[in-house]
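Open the model in your viewer and keep the sequence panel beside it. The stops below tell you what to select and what is there.

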Amino acid sequence: MKRLFAALGVAAFLLGTTPLAHAQRGTGDNGADVPKHGRLELDAISPRVVTSDTTEIRVTGRLTNISDRKVSRIEARVQVGQALASDDKAYAALTSTVATDQSSRWSKVADALDPGQSARVDFTVPLDALKITTPGVYPMLVNLNGYPEYGGQTRIAESRMLLPVLGTSGGGAAPPAAPATITVLWPITDKPHLLSAFDSYQEKRKVLRNDELAKALQPGGRLSNLVEAVEEAAPKNSTVGTSLCFAIDPDLISTVSAMTTNYAVRSGEQIVERSASAAAKQWLDRLKDVVQGRCVLTLPFADVDLVALSRAGLTDLEKLSREKDSIVTEALSAVPLQHVAWPADGVLDARALADLDETVVVMDQRGLQQNPPAHQPVRVTAAKEGVQTGPSVLIADPIVNTAFERASQSGSLRMQNALAAIAYRAGAVGKTGGTVLVTPPRRWTESAEELTALLRATGQLVEGDRLAKAKRLTELAAVYNPGRTVPLNYPPPGGAREISPELTNKVLDARNTIRDMVNHMEEDPARKVRPSALTDPLQLGLLRAMSSAWRTDPAGGAGANAEVLDQVAALTSKVDVVEPPTSYALASSSSPLPLTLLNDLPVVMKVQLNFSDTPGLRTEPLEEKLAPGGGRQVKVTAEVNRSGQFTVDAWLTTPKKGMVLGNPKRLTIRSAAYGSVTLGITLTAGLLMVGMMGRRVYKRLRYGPTMKKPVEDMNERLPQSEGT
């Protein structure tokens, strides 16, 4: 009995201390290992940037109970840590959990939430309660505690971010010794949408593969948000507007321009007609107005994967992708920046860099060895043949890039850490001087509110040279001698994200086919259609198939690749041998073989007619020039050396047995004629027969028909009479 009471006492003690343990764990800042019972979706932190005028911070959002237990007595507070004092601390704050020991008082959120229920979060924290007395960037935690059913107090949800503080009640930050400059690339890109067709020259409207682009151009769409944020927070007359350089994909501009007139969209196997898009025209006009008088950087057409093209030896496609500045110039009345490149993912290998032949390249720090400081340009050792050093490299800020990369994991207020990282780097670089180069994700999907907040926060840094100065990319790229020279580094993750060799090899084969076709085409004087009108759309289609957008969407890349390969096959199928309706009957050993060759292209095509090796038939390849728009009958000299029926394959190629055109056709030939060999044998046999017959006649004439046969054998035994 005593043992029973003792066991009950221990159990009661353990049960009694469990709530205390939960309470101690829930109120500390070790929330990384705490099971979360709720989901916190923040709507706003106001203000996003603290200045000397700020007296309080307001937090608004929504909490949802995602557990299977009721949670009671829910409270919230804000906690902050020490200001970031080094790049290592900044990386830690962006990628892991850091201490946030200074906290405000608890504010009530809700009495209780049943599973699945939500409650509004809205509370205010006096800035003095957080003991923030100096400017800087502070780790911040929005912490929600509660009492789950059958348990004690614990953290039920949290949201971590960085809080930039430009000033406090004691005053703003002291002017930096050497103010940093800030340059921002603003990408206007999307994945390819336009279908490439060799016969598009005669179509008055273009065909898109889906309706996604139309949605992105409408108010609230991704591309509309990018323009709206600049209109709202970085107009042309603003200081922050000076720091922007618009990185624009010519393929996107070409596609949107096509949508301003009648176009079509593929829906399954159907092509659905669309009238001119008002949203497309409005967006194009807005973008044109926004970029006037500002820096414009033209990306390679379709933002192609330059490294994958270089590895495949497709330097002609690389060159073509960089020759489409005129699309941007004509549509937006802008003058693109020359000799500056910004490759996808910010990394290149040595061969791709040499193929680029640019004087300035924007790259990530991970694309360089020796980790050179990001705030100063460098020169790379990789260079094309005959040149001692490579181009200048402007290094995208790695800490800001880390914030962008983690934005997709931060839930609401996705750009908060990015704007805080810019503020931190501006302060850090301001100690020695240099540039903070901001390179957002190529195809970011942020809302107009988040993009506007990012630009406004950047504007707060540069207005009045408070912490930094705005600098145009044109000025940044004009550095003649950047000083330090470092080797390239092509990181393994960069290679892993490339367009796959399987797709690249298919593009290589298609490129070779197109090149061979155009080399054997001629313009027809009557139709006046240039061969390039057929092949140029397909070459642009190959660039779309190699877009860096497919690095994160292999299925989309395979689909785009298949589409253009189908069009290349359709082009070659327009030149073919017409299959005869019946078999051919040859009356003699050298009767001509009539065939009809088809050219359904609007240009003259040089071809060669080929035959398979068939016993009994000998032919010679035949080269012809086929006029456009129909069939032409040719007569092929064929020599047969046997009679009977046999089959032979006929097909067209480009001259000198180049690329196959159309499909091989099987011909059935019946021959009743003697061939030369058969005729020779027959004549020889006839001559022998005539000779033998002549010999016999000669003997008859010489010896006469009644003359006895000469005794051939004198010892021939005479017949014996019967008897003894």
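Among contacts in the protein chain with a separation of 6 or more, what percentage is accounted for by residues 24 or more positions apart? The figure is 76%. Keep that in mind as you move around this predicted model.

**Whole chain**

Show the protein chain as a cartoon. Its secondary structure comes to 20 helices and 33 strands. Of its 724 residues, 48% are buried.

**Colour by confidence**

Now colour by pLDDT. The chain average is 86, and 87% of the residues score at least 70. Select helix 1, residues 2–27: among the elements, this helix has the lowest mean pLDDT, 38. Strand 13, residues 244–248, has the highest, 98. Extend the first selection to residues 1–28. The pLDDT is below 50 across that stretch, which has 18 contacts in the model beyond near neighbours in sequence. Then go to residues 711–718. Here, too, pLDDT stays under 50, and the model has zero contacts for these residues beyond four places in sequence. Where pLDDT is low, the predicted coordinates should not be read in detail.

**Strands 13 and 16**

Return to strand 13 and add strand 16, residues 295–298. The two strands run parallel and are joined by four bridges. Pick F246: its bridge partner in strand 16 is V296. Next, show the side chains of strand 16. In a regular strand the side chains alternate between the two faces of the sheet. In strand 16, C295 and L297 point one way, while V296 and T298 point the other way. Are these four residues buried or exposed? All are buried.

**A three-strand sheet**

Select strands 12, 14 and 15. They make an open sheet in the order 12-14-15, with mixed pairing. Strand 12 (207–208) and strand 15 (270–274) are the edges. Each has a single partner strand, so one side of each is left without a neighbour in the sheet. Zoom in on strand 14, residues 263–267. Five bridges join strand 14 to strand 15, and the two run antiparallel. To find one of the partners, click Y263 and then R274 in strand 15.

**A five-strand sheet**

Next, select strands 17, 18, 20, 19 and 23. This open sheet has the order 17-18-20-19-23, again with mixed pairing. Its edge strands are strand 17 (340–341) and strand 23 (485–486), each pairing on one side only. Inside the sheet, look at strand 19 (378–380) and strand 20 (392–396). Two bridges join them, and they run antiparallel. R379 has S392 in strand 20 as its bridge partner.

**V486 in strand 23**

Stay with strand 23 and pick V486, which sits in that strand. Is V486 buried or exposed? V486 is buried, because its relative accessible area is 0%, and the cut-off for buried is under 20%. Now display its surroundings. Leaving aside neighbours within four places in sequence, V486 is in contact with L368, Q369, Q370, P372, V378, R379, V380 and T381. Select Q369 from that list. V486 and Q369 are 117 residues apart along the chain, yet their C-alpha atoms are separated by 6.4 Å.

**The largest pocket**

Switch on a surface. Rolling a probe the size of a water molecule over the atoms shows where empty space is left. The largest pocket holds about 870 Å³ of space. To find its centre, select P441, R442, R443, W444 and R497, which lie nearest to the centre among the 36 lining residues. Helix 3 (212–217) and helix 12 (398–407) are the elements that give two or more residues to the lining. Which helix gives the most? Helix 12 does, with four residues. Colour the lining by class: 13 residues are nonpolar, eight are polar and 15 are charged.

**The second largest pocket**

For the last stop, select K206, S254, K324, I327 and L540. These lie nearest the centre of the second largest pocket, which is lined by 23 residues. About 550 Å³ of space lies in this pocket. Three elements to highlight are helix 6 (250–259), helix 10 (325–332) and helix 18 (531–545), which each give two or more residues to the lining. The largest share comes from helix 18, with six residues. By class, the lining has 13 nonpolar, five polar and five charged residues.

Key: Residues numbered from 1 in each chain as written. Predicted model: local features only at pLDDT ≥ 70, side-chain atom pairs only at ≥ 80, totals over all residues. Heavy atoms only, no water. pLDDT = per-residue confidence, 0-100. Contact = heavy atoms within 4.5 Å. Pairing = 2+ DSSP bridges. 1 Å grid on protein atoms, 1.4 Å probe; cavity = no way out; pocket = protein on both sides within 12 Å on 5 of 7 lines; lining within 4 Å. Points joined across faces, edges and corners; volume = space filled by probe spheres on them. Nonpolar A, V, L, I, M, F, W, Y, C, P; charged D, E, K, R; others polar. Buried < 20%, exposed > 50% of the residue type's maximum accessible area, 1.4 Å probe, protein only.
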